[in-house]
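Student: I should like to work through this structure step by step. May we begin once it is in view?

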Amino acid sequence: MSLSTAALATRRVLAAASHSSHEGGARTWKILTFVLALPGVGVCMANAYMKMHAHPHHQEEFVPYPHLRIRTKKFPWGDGNHSMFHNPHTNALPDGYESSHH
Amino acid sequence: MAHQAHAYHMVDPSPWPLTGAVGALLLTSGLAVWFHFHSTILLSLGLILLLLTMYQWWRDIIREGTFQGHHTPPVQKGLRFGMILFITSEVFFFLGFFWAFYHSSLAPTPELGGCWPPTGITTLDPFEVPLLNTAVLLASGVTVTWAHHSIMEGEREQAIHSLTLTILLGFYFTFLQAMEYYEAPFTIADGVYGSTFFVATGFHGLHVIIGSTFLAVCLLRQVQYHFTSGHHFGFEAAAWYWHFVDVVWLFLYISIYWWGS
């Protein structure tokens with residue numbers, strides 16, 4: 001498999017970094033940061049943003065399954081019926097959603 | 001003037017181990033009191049005592065090492081062993097939660113619908129925010145390596161920039177994960193799925209916060225000229241811890257987010 005020019009250049013730089021005694025090591029990782037790492041984050045940011053807007057999630061239909069929404073012991077805060085990161089739109093209480101509007 | 005005829009560090013008497021132990025006692029008993037009697041006074045006291053202990057103990061270590069020269073090569077070797085052993089113990093800590101996850105998910109009980117994810121659970125799309133979180137932590141591993149090489153080569157400005165970038169990425173991960181926690185269609189009370197998900201990722205998030213704090217302390221020290229190109233173990237320990245946090249996330253992502261969805 002033939003490598004692209006950029007990949008060949010990267011391989012040369014990395015080879016140089018491994019052969020030299022700590023000279024240019026910082027430069028190699030600086031290049032990796034701005035060429036690979038941060039653009040990779042940017043791509044994943046764009047991907048997540050687009051996916052989030054592609055399918056606006058509707059409120060899941062409520063089914064009172066006995067194995068979910070366990071309340072064996074009350075939560076030690078508030079009314080004891082809401083989890084710490086409770087979201088009234090996406091998290092139903094044991095007897096149903098508090099708010100059913102979208 | 002008295003001199004020691006060896007290279008080791010005979011530490012001066014310190015009150016911090018005692019205050020730390022008392023703080024841990026108050027924290028644990030305080031947690032139980034909060035759960036059963038709804039009072040937070042013991043918990044708060046324990047938290048304050050523990051935070052004060054950590055601040056003063058580690059401040060003293062910095063004084064002993066950086067300012068008083070007690071961290072000779074043999075002493076540094078001991079510190080390295082210590083950090084490695086501590087991280088190893090943390091690996092075993094997380095191993096337990098992965099054990100719990102695989103125990104429950106490899107043979108789902110009839111109560112869950114005999115399937116994984118359990119009936120009624122809407123999992124998160126592993127290729128949305130969780131993938132972004134993976135990219136963020138991997139990127140922070142690159143930036144922290146850039147920081148290390150910068151310190152070794154005496155590049156002060158680059159070290160400050162790369163360390164700052166690493167910490168910002170850590171904050172971004174924490175922010176994204178907090179958002180995910182709020183938006184998730186399931187909670188910790190949603191059976192064994194919710195329990196394993198939030199306990200494993202929750203402890204991981206706590207370790208991200210701890211690691212970011214450790215790196216932030218290193219940034220402050222770097223700005224104040226504590227590190228030399230040949231002696232910067234505090235930073236190395238922080239970097240090791242950060243890589244460990246990154247690796248734990250990769251296992252979480254593959255196991256819980258991807259395979260478990």
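Student: Is Arg59(B) buried, partly exposed or exposed?
Tutor: The model is a predicted one, and accessibility is computed from it. Buried requires under 20% relative accessible area, and exposed requires over 50%. Arg59(B) has a relative accessibility of 25%, so the residue counts as partly exposed.

Student: Which side chain meets that of Arg59(B) in a salt bridge, and is this partner buried or exposed?
Tutor: The salt bridge has an N to O distance of 2.9 Å and links Arg59(B) to Asp60(B). The relative accessible area of Asp60(B) is 18%, and the limit for a buried residue is under 20%. The partner is therefore Asp60(B), and Asp60(B) is buried.

Student: Where in chain B do Arg80(B) and Glu236(B) lie, and how many residues apart in sequence are the parts that they tie together?
Tutor: The closest N and O atoms of this salt bridge are 3.0 Å apart. Arg80(B) belongs to helix H3 and Glu236(B) to helix H7, both of chain B, so the pair ties together parts whose separation in sequence is 156 residues.

Student: How does the accessibility of Arg80(B) and of Glu236(B) turn out, buried or partly exposed?
Tutor: Arg80(B) has 24% relative accessibility and counts as partly exposed. For Glu236(B) the value is 13%, which makes this residue buried.

Student: Which residues are joined into one network by salt bridges that share partners?
Tutor: Arg59(B) and Asp60(B) have already been met as a pair. Shared partners join these two with one further residue, and the network consists of Arg59(B), Asp60(B) and Arg63(B).

Student: Which residue of chain A forms a salt bridge with Asp125(B)?
Tutor: Asp125(B) is in the loop between H3 and H4 of chain B, while its partner is in helix H2 of chain A, so the pair joins two chains. Asp125(B) is partly exposed at 26%, and the partner is partly exposed at 27%. With the closest N and O atoms 3.0 Å apart, the partner is Lys51(A).

Student: How many salt bridges are there over all chains?
Tutor: The count takes in the pair of Asp125(B) and Lys51(A) and that of Arg80(B) and Glu236(B). Over all chains, the count is four.

Student: What secondary structure does chain B have?
Tutor: Read from the N terminus, the elements follow the order α-α-α-α-α-α-α. There are zero strands, and the number of helices is seven.

Student: Which helix gives the most residues to the largest nonpolar core?
Tutor: This core has 59 residues, and Leu163(B), Phe186(B), Phe197(B) and Phe235(B) are those with the most contacts inside it. Helix H2 of chain A and helices H3, H4, H5, H6 and H7 of chain B each supply at least two of its residues. With 15 residues, the helix that gives the most is H7(B).

Student: Which residue of chain A is in contact with Phe186(B)?
Tutor: Neighbours within four places in sequence are left aside here. The contacts of Phe186(B) include Ile121(B), Leu124(B), Tyr193(B) and Phe197(B) in chain B. In chain A, the residue in contact is Asn91(A).

Student: How far apart do the centres of the positive and negative side chains of chain B lie?
Tutor: Chain B carries 6 positive and 15 negative side chains. The centres of the two sets are separated by 20 Å.

Conventions:
Residues numbered from 1 in each chain as written. Chains lettered and ligands numbered in written order. Predicted model: local features only at pLDDT ≥ 70, side-chain atom pairs only at ≥ 80, totals over all residues. Heavy atoms only, no water. Core = buried A, V, L, I, M, F, W, Y, C linked by side-chain atoms within 4.5 Å. Buried < 20%, exposed > 50% of the residue type's maximum accessible area, 1.4 Å probe, protein only. Helix = DSSP H or I, 4+ residues; strand = E, 2+ residues; numbered from the N terminus. Contact = heavy atoms within 4.5 Å. Lys, Arg positive; Asp, Glu negative; His and termini not counted. Charge placed at Lys NZ, Arg CZ, Asp CG, Glu CD.
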